[in-house]
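Open your viewer and keep the selection box ready. We will go from stop to stop, and at each one you select something and look at what is there.

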Amino acid sequence: MRKTSAVLASLSLAAIALTGCSASANFAGAACDRTSHANGIENAVTVTGELGDAPDVTIYSPVENAESAYTDVIVGDGAPVVDDQQVMQLQMSIYSGSTGEQVFATTYESGSGSLSNIANWAAESPGMADVFECITGGSRVVASLTPEDFGAASASSVGLGADDRAIVVIDVLQTYLSKAEGSLQFNDARGLPTVVRAPDGTPGVIIPDADAPTELVQQTLIKGDGAKVDETQALILNVTAVGWDDKKVQNTSWGTTPILDLQSTAPTVAEALLGETVGSQVLVVTPAADGASATAYVVDILGAVTTPGQ
């Protein structure tokens, strides 16, 4: 069995990194409806074992389905995946449909997992987009993907033949939020930016015609009901940064990929988030310094992952 895969290499929890991707496509929103496309796969593959543990898989090979198929073996009660940028934590095993042999597996170590989203998979394994659409955290899904849907690069990386079906067993250990969720907070916003939100959570930041603060300002705009975050965790964030002087968006992760390493790009903002709760939206205004304009950051805390060794 091969131990590495090009399609999985960038998704290690230890690396805490997601690659940049194209704009997202929303599905059915919070009321996302998960529909099975089993097409008989439940008769060709049986899967047992606890979620998060290496599964016991029996494949009645050869599996030669003409169209890709998938079905949920375990249905979790976590948040549904409502767009292709939403982050999931996964464990995964891949098997040859021709031989039934395992060709790839993640570690299945306690507390481990791979961070991924649909957009990461779409470029090399387009069939995975359908497999993950509207799946809920805590679910286990089994899929049989045609060579076209699994993708030639993905098949080559795990040693599957050109005509082989990829039998994939995926444990979705956790799904993280797609936007801030919680109670709106009252703030005296005089002289500070105003934040408006699109239905999908994308913020619009209105900079006032006033002098920028000379000291860092922090306000909680939405109070999430998740756990408090601390320095041992890597935060999954959506961030929009707007320059105070020119009122232009400097950077935004909305419509691309959530940020997992704010500490290296905006350490002052990352420090200001400590003690906030998952699900919160926070406004942080940093004063002008070293020739740079004051900047307003709007940060959605989508999740927190305890880093290995902590």
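**Stop one: a pair of strands**

Select Thr 240 and then Thr 252 in β14, its bridge partner. Strands here are DSSP runs of E with at least two residues, helices are runs of H or I with at least four residues, and both are numbered from the N terminus. This is a predicted model, in which local features need pLDDT of at least 70 and side-chain atom pairs count only at pLDDT 80 or more, while totals for chains, interfaces and linings use all residues. Residues are numbered from 1 along each chain as its sequence is written, and side-chain values use heavy atoms, with hydrogens and water left out.

Now show all of β13, residues 233–243. It is joined to β14 by 3 bridges, and the two run antiparallel. Strands count as paired if DSSP finds at least two bridges between them.

**Stop two: the whole sheet**

Widen the selection to the open sheet of 6 strands. Read across it in the order β9-β12-β15-β16-β13-β14; the pairing is antiparallel. Which strands stand at the edges? They are β9 (182–184) and β14 (249–252). Each has a single partner strand, so one side of each has no neighbour in the sheet. Look at the twist as well: neighbouring strands are turned by 30° against each other on average, direction ignored. For such angles, axes are lines fitted to C-alpha atoms (for helices, over the stretch in contact), and values run from 0 to 180 degrees between N-to-C directions.

**Stop three: loops with unusual backbones**

Most residues other than glycine have a negative phi, and most peptide bonds are trans. Go to Asp 290, in the loop between β15 (281–286) and β16 (295–306). Its phi is positive, about 55°, although it is not a glycine. Is Asp 290 buried or exposed? It counts as exposed, at 85% relative accessibility. Buried means under 20% relative accessible area, exposed over 50%, and partly exposed in between (1.4 Å probe, protein chains only).

Next, pick Cys 134, in the loop between α4 (127–132) and β7 (139–145). Its phi is also positive, near 70°. Cys 134 counts as buried, at 3%.

Then select Ser 61 and Pro 62. The peptide bond between them is cis, with omega near 0°. Pro 62 lies in the loop between β2 (56–59) and β3.

**Last stop: Asp 84**

Asp 84 sits in the loop between β3 (69–74) and β4 (88–96). It is buried, at 13%. Add Ile 118: it is 34 residues away along the chain, yet the two C-alpha atoms are 4.6 Å apart.
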